[in-house]
Amino acid sequence: MSTLVGTLNSSLGRKFVMAGTGVLLFLFVVGHLVGNLQVFGAPELINSYAHFLQSKPLMVWGARIGLLLLVTLHITTAVQLSLANKEARPVAYAGGGAYGATWQSRYMLGSGIVIAAFIVYHLAHFTALLPGINGVGDFSKLKTVLHGETVPDVYGMMIIGFQVWWVALFYLVAQALLFIHLGHGLASLFQTFGLRNHVWWPRIQGFARVASLLIFVGYALIPISIYLRVVGADYAEKKTAELKSAASIEAGTPAGKAATQ
Ligand code: HEM
């Protein structure tokens, strides 16, 4: 046990922790993208998927706890490795970066910090549904009927949510940073696992570039096409009106009273 802890606390052990947690987080990012791309289908498609997940609380909470552990380990190990690097090399390389470092590698810590801040905002926005931070209103009031059952309208929430320019822009900036982070992170995790040689390294770098670009394009298309009203414009109009009337009914204003008559 003490040998395991000792190994994990060594520089190589920490690199393995970074790489291992990185692989699992990457798999989550890919799976989450596939789930989210359903927003380009009919509203029932992503709403059924979200409803299926919400009806499995054990699975969802298991995944949430697992993700939280992974993110915490990934961040603390990154900070430890970065501090150890600074200690070993107190004077920075001339020109600002190590020999052979890609431009992406210099932004790993910075991009990681912004991505972590994005995840906090994202959880408040779409999971905790905090009404004060989405620029629209109370998303928990958005409901739809699926096979005779009233369920949360995740499609409506995404469509209305990304029509707000600063929300769409913030998501885009976060995706651009995720692209930078994955571009370097994916290649360097193969290196940690000992796969850097003159045959495999160019292929690994090619894979990292293509995979991070595809993930960026997939995620970025969602806020862009919704903001430009290419997707769900009519639905958003209907649902925004519903949201406004629900808010007026709660506040007891004339518009709300008229809507209930
Ligand atoms: C355009 C980009 C994205 C969209 C549209 C999106 C959409 C969503 C939605 C709708 C939910 C709530 C699902 C529900 O309650 O049923 C969610 C949850 C979540 N998203 Fe995203 N997401 C995006 C990007 C990301 C990225 C880049 C990450 C991580 C790097 C991420 C991490 C999470 C996590 C951890 C949850 C919480 C899952 C849970 O409920 O436990 N998302 N996302």
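The legends below accompany close-up views of a predicted model.

**View 1. The whole chain and its order of elements.**
In this predicted model, the chain holds 10 helices and 2 strands, and from the N terminus on these elements follow one another as α-α-α-α-α-β-β-α-α-α-α-α. Buried residues make up 23% of the 261 residues in the chain. If one takes the contacts in the chain with a separation of 6 or more, 74% of them are accounted for by residues 24 or more positions apart.

**View 2. Confidence along the chain.**
The mean pLDDT of the chain is 88, and 88% of its residues reach 70 or more, but this confidence varies from element to element, since helix 10 (residues 254–260) has the lowest mean pLDDT among the elements, 49, whereas helix 6 has the highest, 97. A further stretch to view with care is residues 94–100, where pLDDT stays under 50 and for which the model has 4 contacts beyond four places in sequence.

**View 3. The shell around the ligand.**
Of the 20 residues around the ligand, those that come nearest are Ala50, Arg64, Phe126, Thr127 and Ile222. Two or more residues of this shell are given by each of helix 2 (11–36), helix 3 (43–54), helix 4 (57–88), helix 5 (108–127), helix 6 (154–161), helix 7 (165–192) and helix 8 (200–227). The largest share, 5 residues, comes from helix 5. Sorted by class, the residues of the shell are 15 nonpolar, 4 polar and 1 charged.

**View 4. Helix 6 within the structure.**
Helix 6 is largely enclosed by the rest of the structure, because 8 of its 8 residues are buried. To be counted as buried, a residue needs 20 or more other C-beta atoms within 10 Å of its own, and the residues of helix 6 that are buried are Val154, Tyr155, Gly156, Met157, Met158, Ile159, Ile160 and Gly161.

**View 5. The crossing of helix 6 and helix 9.**
Two packed helices are described by the angle between their axes and the distance between the axes. The axes of helix 6 and helix 9 (residues 233–251) come within 9 Å and cross at roughly 100 degrees, and these two helices are therefore roughly perpendicular to each other, given that angles of 65 to 115 degrees are counted in this way. On the side of helix 6 the contact is made by Gly156, Ile159 and Ile160, and on the side of helix 9 by Tyr235, Ala236, Lys239 and Thr240. The residues of this contact divide into 4 nonpolar, 2 polar and 1 charged.

**View 6. The packing of helix 7 and helix 8.**
Helix 7 and helix 8 pack with their axes 8 Å apart and at an angle of about 170 degrees. The two helices are therefore roughly antiparallel to each other, a description used for angles over 145 degrees. The contact of helix 7 with helix 8 has 21 nonpolar, 4 polar and 1 charged residues.

**View 7. Residues that are far apart in sequence.**
Leu37 lies in the loop between helix 2 and helix 3, and although Leu37 and Gly218 are 181 residues apart in sequence, their C-alpha atoms are 7.4 Å apart in space. Leu37 counts as partly exposed because it has 15 C-beta neighbours inside 10 Å. Leu221, which has its place in helix 8, is likewise separated from Phe40 by 181 residues in sequence, while the distance in space is 9.8 Å, C-alpha to C-alpha. With 17 C-beta neighbours inside 10 Å, Leu221 counts as partly exposed.

**View 8. Two loop residues with a positive phi.**
Most residues other than glycine have a negative phi. Leu129, which is not a glycine, has a positive phi of about 55 degrees, and this residue lies in the loop between helix 5 and strand 1 (143–146). Because 17 C-beta neighbours lie inside 10 Å, Leu129 counts as partly exposed. Arg229, also not a glycine, has a positive phi of about 65 degrees, and its place is in the loop between helix 8 and helix 9. Arg229 is partly exposed, with 13 other C-beta atoms within 10 Å.

Conventions: Residues are numbered from 1 along each chain as its sequence is written. This is a predicted model: local features need pLDDT of at least 70, side-chain atom pairs count only at pLDDT 80 or more; totals for chains, interfaces and linings use all residues. A residue is near a molecule or strand if its C-beta atom, placed from the backbone, lies within 6 Å of it. Helices (H or I, at least four residues) and strands (E, at least two) are DSSP runs, numbered from the N terminus. Ala, Val, Leu, Ile, Met, Phe, Trp, Tyr, Cys and Pro count as nonpolar, Asp, Glu, Lys and Arg as charged, and the others, Gly among them, as polar. Axes are lines fitted to C-alpha atoms, for helices over the stretch in contact, and angles run from 0 to 180 degrees between N-to-C directions. Angles under 35 degrees count as roughly parallel, over 145 as roughly antiparallel, 65 to 115 as roughly perpendicular and the rest as oblique. Two residues are in contact if their C-beta atoms, placed from the backbone, lie within 7 Å. A residue is buried if 20 or more other C-beta atoms lie within 10 Å of its own, exposed if 12 or fewer, and partly exposed in between; C-beta atoms are placed from the backbone. pLDDT is the predictor's confidence in each residue, from 0 to 100.
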